[in-house]
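Open the model in your viewer and keep the selection tool handy. We will go from strand to strand, then to some rings, and end at a pocket.

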Amino acid sequence: MPHLEPAQALATTETALRQLMRAAYHRAYGASWLDRLTSADQRGVWATRRAAEIPKRRGVVHPSDYDLEYSEFYELITILSKDWEPVSGALGKKSSTLPLLETFERLRNTVGHSRQLLPFEEELLSGIAGLIRNRVVINLSTSDPVGEYYPRIESVRDGFGNSIEPMSADVRDVELAGIKDTGLVVRPGDVVHFTCVGVDPQGRKLNWEVSVSSGGVERGVSESGMPFEFEWTVLEKDISEFTTVTFVMSASGAKYHRAGSHDHRAFFAYKARPSDHP
């Protein structure tokens, strides 16, 4: 994984830990795992944070599993510290990894308060983020028999907040990351922004192909674990009650791919209607 700037390191690590916790604790304790590992007061605080944020972010879709999304990083560490065994397969020994997460938290506070990190602190932050991300990716890929060889889409998110995050749960379809029928209406001239992140256990660069159901393909390349950005400008030819935007990802320079020509795909669907249509 390339060097991560502090903000990217923070986002990478928090995303990886939340994905791991949802998958590992769900496997261990079932759907009510959060009730087991947190208090009603704590979950109430998270719900309050979400309720306060929604009016400030109109036009953004909020995740359904908002509880964990609105936790602070130190709260994630507290949960992990309380019950390490379910995540030990990914994070290793508690005595080795927990101090790294606590160091990360201290550096995170420095960044959060807009204080400048020293160069070695930036490298440490980036290194810990890379270590955690790689361990989580490899661990969550174990339910995929070839997950340690082929890359996977970690997330695709549109500018409205809709997302596909296949790594947050057990793998069920090793080639399809997900299909998101957003139900949103877009019109010619609208611009929809997408942010895609893929990860490759082998550290290879990732090729992306993006196509709209009406035709045309755009291509780009990203480093493993780094964002690939794409903007779709809705055109008249896109008008349809089921217009899809397809993301196809593959490892650059690889001789073999999970699905022959590519490794992973994701689909977003929208209702593209004429400007004068209700």
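Select strands E5 (206–212) and E8 (residues 240–251) to begin: the two run antiparallel and are joined by seven bridges. Two strands count as paired if DSSP finds at least two bridges between them, and the strands themselves are DSSP runs of at least two residues, numbered from the N terminus. This is a predicted model, in which local features need pLDDT of at least 70 and side-chain atom pairs count only at pLDDT 80 or more, while totals for chains, interfaces and linings use all residues. Residues are numbered from 1 along each chain as its sequence is written, and side-chain values use heavy atoms, with hydrogens and water left out.

Now pick serine 211 and look across to E8, where its bridge partner is threonine 246. Next, add strand E9 (residues 264–272), which is antiparallel to E8 and joined to it by eight bridges. Here valine 248 stands opposite arginine 265 in E9. Why is E8 largely enclosed by the rest of the structure? Nine of its twelve residues are buried, where buried means under 20% relative accessible area with a 1.4 Å probe and protein chains only.

Show the aromatic side chains next. Rings of Phe, Tyr and Trp (its six-membered ring) pair if their centres lie within 6.5 Å; planes under 30 degrees apart count as stacked, over 60 as edge-to-face and the rest as tilted. By this rule there are eleven aromatic pairs. One of them is phenylalanine 194 with tyrosine 270: the centres are 6.4 Å apart and the planes stand at 75°, so this pair is edge-to-face. It links distant parts of the chain, with phenylalanine 194 in strand E4 (residues 191–199) and tyrosine 270 in strand E9, 76 residues apart. Phenylalanine 194 is buried at a relative accessible area of 0%, and tyrosine 270 is buried at 1%.

Stay on tyrosine 270 and add tryptophan 232: their ring centres are 5.5 Å apart with planes at 50°, so the pair is tilted. Tryptophan 232 lies in strand E7 and tyrosine 270 in strand E9, so this contact ties together parts 38 residues apart in sequence. Tryptophan 232 is also buried, at 3%. To see the cluster that these rings belong to, select Phe194, Phe230, Trp232, Phe247, Phe268 and Tyr270 together.

Keep Trp232 selected and turn to the second largest pocket, as this residue is among those nearest its centre, along with Val212, Gly215, Glu218 and Leu235. On a 1 Å grid over the protein atoms alone, a pocket is an open set of points where a 1.4 Å probe fits, with protein on both sides within 12 Å along at least five of seven lines; lining residues have an atom within 4 Å of a point. In all, 15 residues line this pocket. Which strand gives the most to the lining? Strand E7 does, with four residues.

For a last stop, select the open sheet of four strands, in the order E2-E1-E4-E7 with antiparallel pairing. Its edge strands are E2 (163–164) and E7, each pairing on one side only. Between strand E1 (residues 152–158) and E2 there are two bridges, and arginine 157 stands opposite serine 163 in E2.

How values were computed
Buried < 20%, exposed > 50% of the residue type's maximum accessible area, 1.4 Å probe, protein only.
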